Amino acid sequence: MDADSRRDRLEELDPELAAELDAEEEEDEHTLPSLPNADAYEEIRMRAAPNPNGPWHLGHARMPSVIGTYKERYDGHFIVRFDDTDPETKRPDLAAYDLIVDDIEYLGFEPDEVLRASDRLETYYEYARELIEMGGAYTCDLPGAEFSELKNSGKPSPNRDKDSETVLEEFEAMVNGEYHSGEMVLRVKTDITHKNPALRDWVGFRMIDTPHPREEAADYRCWPMLDFQSGIDDHLTGVTHIIRGIDLQDSAKRQRFLYDYFDWEYPEVLHWGHVQLDAYDVKISTSTIKQLIEDGELDGWDDPRAPTLRSVRRRGIRGDAIVESMIGLGMSTSDVDLAMSSIYANNRELVDDTANRYFFVRDGVSVPVIEGPQAGHPPLHPDHDDRGTRTIPVSDAVLIEQDDVPALDDRVWLKGYGCVRYTDDGFVYVGEDISAVREDGVAVIHWTPDNGSVPVRMRTADGDVTGHAEPEFTETSVDDIVQFERIGFARVDTHTDEESVTYYTHP
RNA sequence: GCUCCGAUGGUGUAGUCCGGCCAAUCAUAUUGCCCUCUCACGGCAAUGACCGGGGUUCAAAUCCCCGUCGGAGCACCA
């Protein structure tokens, strides 16, 4: 019995079981696991919480890909919240706020809401005051190293038992900017003997002397730490499912103390490992890329060598291809290596059908053509006759790639033109009997006229490649994805009188 | 040092919660063949994995213990 007839037989015997199996199979169509406890919530609400310190690199795509996919699956809500609460060591880049939203849109998702933590300081202060009144926090002027020593041996800070009036007073002084960086912090009172030292009395607010780059937030000096800010915001914005990296594994544990004070329910949490991309020499980190750009090693965020979303976008990779690969990584907590070839495979599937074919000869050598037809007419796309053919005039010589030059007296097939024999005088036209290719194994190569070809620069991750494309290449539009036959796909970037620039997509 | 987490082919993943249908899924990769006036697309095939050791059991990728390896946190970064 084959699968179908087995299924039919089961339907007769036990329709309920059959239906159940069908339901399971449907479940399997989602590559991502179901969200924990999804049924318990009226609306699934998730947030991505990027730090706006630059446009996104490839690794960043995982968050919106997964959240966006879940949003579509559960008809949920997608918040982008910029956690820009460190104007100094994680200084926000003002342009990055919009660039990141733009990157998310490139991936094919539209956030339902965009928030900035730096707009919400007063809210954090209010909750801090409430916490202080409950006795859940204390101001502490111990230098970090000193506290760390006490903490590691399970001993409390001498400030721990201050009465809440004093704490409140000192906290207001923090808010008013009466302390300088390092002089005073507000600690959340947890359990100073907790077996995990990472959770003991963590810092909720600290002083930062450097003004925030956003004008609206430039006057604040007392800034919340991620665990405080994010914990408050997740609750206030009704986030039901938090998805984040393993580096924040302890965050949930820290924030639970906060939630317990306020008697809130902590959202469901999922963690995942880091994504490494193969195929890049450049280390994947926003600050490293930024540095390389400043040093002039890279031309910008969209340099073809940069492992950024702006770069692969310019190369003609569709956001969907990236999302598919990211979804394929699943939700495992261990670190994963993502092969660029997986993104390329997805992209090839998306662009092959639309990409028209053109000839691009890299560093061509000129060979005279003797006594042949005036022009060649290869198809625009092998699977779409309706798109018609190109016309490539021969003039009296053609350019072919060095590697394609045949041995003396050997034949070669100029694609879309015909068979030629290589002699001392150049290519002598032999005819268009295709059996030369089918039966005699004559190599089919691409070519352009020596006269009237279009100078093309193709930018690749390994540097620029120059050469000439057939004349009709100028008819393509900017943003078109084409396939240079026998070379690979490329995105048309600019056409000028001097040259056309393309970006190499992938083979 | 203290505390967490993880380990299935080259890569990613399914299966692990609730042991048997798993001599282990799917994708990608690589190789070969077919198709082809491209080294694209498509089709077919091959390659290749349960970290190690104990234990429980009629039966272990799955449960338990030990080890090994890897990752994360112990910041007035996010």
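These are my notebook entries on a few helices, sheets and loops that I looked up in this predicted model.

**Entry 1: the four-stranded sheet**

I started with the sheet whose strands come in the order S4-S5-S6-S7. It is an open sheet, and its pairing is antiparallel. Which strands stand at the edges? I found S4 (137-140) and S7 there, each with a single partner strand, so one side of each has no neighbour in the sheet. I also looked up the twist: neighbouring strands here are turned by 20° against each other on average, if direction is ignored.

**Entry 2: strand S6 and its partners**

Next I went to S6, which covers residues 203-207. How many of its five residues are buried? Four of them are, so the strand is largely enclosed by the rest of the structure. For a residue to count as buried, its relative accessible area has to be under 20%.

I then checked the pairing on each side. S5 (residues 185-188) pairs with S6 in the antiparallel sense, over three bridges. Within that pair, Val-185 has Arg-206 as its bridge partner. S7 (residues 222-224) is also joined to S6 by three bridges, and these two run antiparallel. Here I noted two residue pairs: Phe-205 has Pro-224 as its bridge partner, and Met-207 stands opposite Cys-222.

**Entry 3: helix H5**

H5 runs over residues 121-133, which makes 13 residues. From first C-alpha to last I get 19 Å, close to the 18 Å expected at 1.5 Å a residue.

Which residues of H5 are buried? My list is Leu-121, Tyr-124, Tyr-125, Tyr-127, Ala-128, Leu-131 and Ile-132. They cover an arc of only 165° around the axis, which puts them on the same side of the helix. The spacing rule helped me here: an α-helix has 3.6 residues a turn, so residues three or four places apart point the same way.

What does H5 lie across? It lies across S4, S5, S6 and S7, and it runs at about 80° to S7. Just after the helix, Gly-135 takes a positive phi of about 80°.

**Entry 4: other helices around here**

I looked at H8 (residues 226-236) as well. H8 lies across S5, S6 and S7, at about 65° to S7.

Then I compared H5 with H9. Their axes come within 10 Å and cross at roughly 70°. Angles of 65 to 115 degrees count as roughly perpendicular, so H5 and H9 get that label. Where they meet, Tyr-127, Glu-130 and Leu-131 come from H5, while Leu-258, Tyr-261 and Phe-262 come from H9. Tyr-127 and Leu-131 are also on my buried list for H5.

**Entry 5: a buried loop residue**

Is Asn-159 buried or exposed? It sits in the loop between H6 (144-152) and H7 (164-175). With 10% relative accessibility, Asn-159 counts as buried. I looked up its contacts too, leaving aside neighbours within four places in sequence: they are Tyr-138, Thr-139, Cys-140, Asp-141 and Leu-142.

**Entry 6: two positive phi values**

Some background first: most residues other than glycine have a negative phi. I picked out two residues that go the other way.

Asp-263 has a positive phi of about 60°, although it is not a glycine. Where is Asp-263? It lies in the loop between H9 (249-262) and S9 (268-272). Asp-263 is exposed, with a relative accessible area of 69%.

Glu-371 has a phi near 60°, again a positive value in a residue other than glycine. It lies in the loop between S14 (365-370) and S15 (375-376). Glu-371 is exposed, at 71% relative accessible area.

**Entry 7: the seven-stranded sheet**

My last stop was an open sheet of seven strands, in the order S21-S18-S19-S20-S14-S17-S22. Its pairing is mixed. The edge strands are S21 (444-445) and S22 (448-449), and each pairs on one side only. S14, the strand before the loop with Glu-371, is one of the strands in this sheet.

In what sense do S18 and S21 pair? S18 (residues 411-414) and S21 are parallel, with two bridges. There, Trp-413 stands opposite Val-444 in S21.

Terms used. Residues numbered from 1 in each chain as written. Chains lettered and ligands numbered in written order. Predicted model: local features only at pLDDT ≥ 70, side-chain atom pairs only at ≥ 80, totals over all residues. Heavy atoms only, no water. Expected span 1.5 Å × (residues − 1). Buried < 20%, exposed > 50% of the residue type's maximum accessible area, 1.4 Å probe, protein only. Arc of directions from axis to C-beta. Pairing = 2+ DSSP bridges. Contact = heavy atoms within 4.5 Å. Axes fitted to C-alpha atoms, helices over the stretch in contact; angles between N-to-C directions. Parallel < 35°, antiparallel > 145°, perpendicular 65-115°, else oblique.
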